Amino acid sequence: MRSERFSFALLILKSSYKVLNRRHIRVKVMQSIYAMHQNGSDSIEKEEKFLLYSIDNILDLYLIMVSSLIEIGKKEVVFLEKSSQKHLATPEERNPNKKFINNSIFEVLAENNSLSIALENRKIDNWFLNDDYIILLLNEIKQSELYEKYMRNSVNSFDEDKQFILDVFTELIVPNEKLYDYLEDNKLTWIDDIPVVNTQIIKQLKQIKSVNDDSFRVPKLFKDQEDKEFVTHLFRKTILNETELAKEYIDKTPNWDTERIAEIDTIVLKMAICEFLKFPSIPIKVTINEYLEIAKEYSTPKSSIFINGILDNLVKEFEANKKINKTGRGLM
């Protein structure tokens, strides 16, 4: 689970401005249906509300991770100032190498309006309340070979600054176990969101072109309204039709004890069949590929083979009986 999973070009720009892709939307819906089964809940409205709440909180996770970089830079500024004011400060403490705190990416992020507004509006104050994690990360950075190599001279070049921050983020911040535990304790729903958010941040950091580049933007959660509606449509259409959807595959598993089929597998099957029959614009191949990947990640080692066999047979049957009616993009 923990595995790590601008104007230059308009297409790239737009693609950088959304956090969620369709696969992660499917994962969130699958998890909500699973939780609904485990809790014995029959309140679709309540579970749907929590699903949308957990998705909205992904933006908070994004802001917490990005702001960690800003706070690390600020914390080092405070440390250098206090060190220089010590009564018995050394020459190095009185005149420190400021390359780290002068890093261009710190400046870009700290002065970014989109980021500042989002942090204020969503009241992200995690690092004010828990600055011990920032100190922990800062100390780990300063003890690393990355830092030692970076600080060998006091000259800042933008490319070196950006690569250093990218390396720090990917090699030191993202894998930090204590930070991961903190995020997990903060919100359990973030466990599977962390890789998605970190991938988005890395992509955006790579796209910063210069210290004067103001194109960095806090991304939208969804690509468009269609993706946003996909969440509730997939959730509701699967939940409301579970009995009928199960009937489609139940006689296709003669060699499997239905009570021993992993519950995640049954949910994946129902969601995939729901997409076949009730989402005409989604191509059959896309649906199959997406759910096979989800099964590989979240279910048993043999699940993807089992699910692939059932879905393949069902598609042939549905097509023969003209039960599948794909239109637009679904024909591709």
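1. A helix here is a DSSP run of H or I at least four residues long, and helices are numbered from the N terminus. With that in hand, α17 is followed by K322, a residue whose phi is positive, near 55 degrees. Do keep in mind as you read on that this is a predicted model.

2. Now the overall picture. The protein chain has 17 helices and 0 strands. Its C-alpha trace spans about 85 × 40 × 35 Å along the principal axes. Of the 332 residues in the chain, 48% are buried.

3. On to the surface and the charges. The chain exposes about 17800 Å², and carbon and sulfur atoms supply 51% of that area. There are 47 positive and 53 negative charges, and the mean positions of the two sets lie 4 Å apart.

4. Back to α17, which is worth a slower look. The helix covers residues 303-320, and at 1.5 Å a residue its 18 residues should span 26 Å; the end C-alpha atoms are indeed 26 Å apart, so the expectation and the model agree.

5. Which residues of α17 are buried? They are S303, S304, F306, I307, I310, L311, L314, V315 and F318. Looking down the axis of α17, you'd see these buried residues fall within an arc of 155 degrees, which means that they line one face of the helix. On the face turned away from the buried side, α17 carries the exposed residues I305, K316 and A320.

6. What do the buried residues of α17 pack against? Their partners are α14 (242-250), α15 (263-278) and α16 (284-298).

7. Next, a single residue to click on: T238, which sits in helix α13 (residues 225-240). Is T238 buried or exposed? Its relative accessibility is 1%, and buried means under 20%, so T238 counts as buried. Setting aside neighbours within four places in sequence, T238 is in contact with I33, L245, K270, M271 and C274. Two of the helices named above turn up again here: L245 lies in the stretch 242-250 of α14, and K270, M271 and C274 lie in the stretch 263-278 of α15.

8. Finally, try V19, in the loop between α1 (10-15) and α2 (22-39). Although V19 belongs to a loop, it counts as buried because its relative accessibility is 6%. Not counting residues up to four places away in sequence, V19 touches I58, V196, V197, Q200, P219, K220 and L221. As for V66, this residue is 47 residues from V19 in sequence and 13 Å from V19 in space, C-alpha to C-alpha.

Conventions: Residues are numbered from 1 along each chain as its sequence is written. This is a predicted model: local features need pLDDT of at least 70, side-chain atom pairs count only at pLDDT 80 or more; totals for chains, interfaces and linings use all residues. Side-chain values use heavy atoms; hydrogens and water are left out. Buried means under 20% relative accessible area, exposed over 50%, partly exposed in between (1.4 Å probe, protein chains only). Accessible areas come from the Shrake-Rupley method with a 1.4 Å probe; for residues, only the protein chains shown count as cover. Lys and Arg count as positive and Asp and Glu as negative; His and the chain ends are not counted. The place of a charge is taken as NZ of Lys, CZ of Arg, CG of Asp or CD of Glu. The expected span of a helix is 1.5 Å times one less than its number of residues. The arc is that of the directions from the helix axis to the C-beta atoms. Contact means heavy atoms within 4.5 Å.
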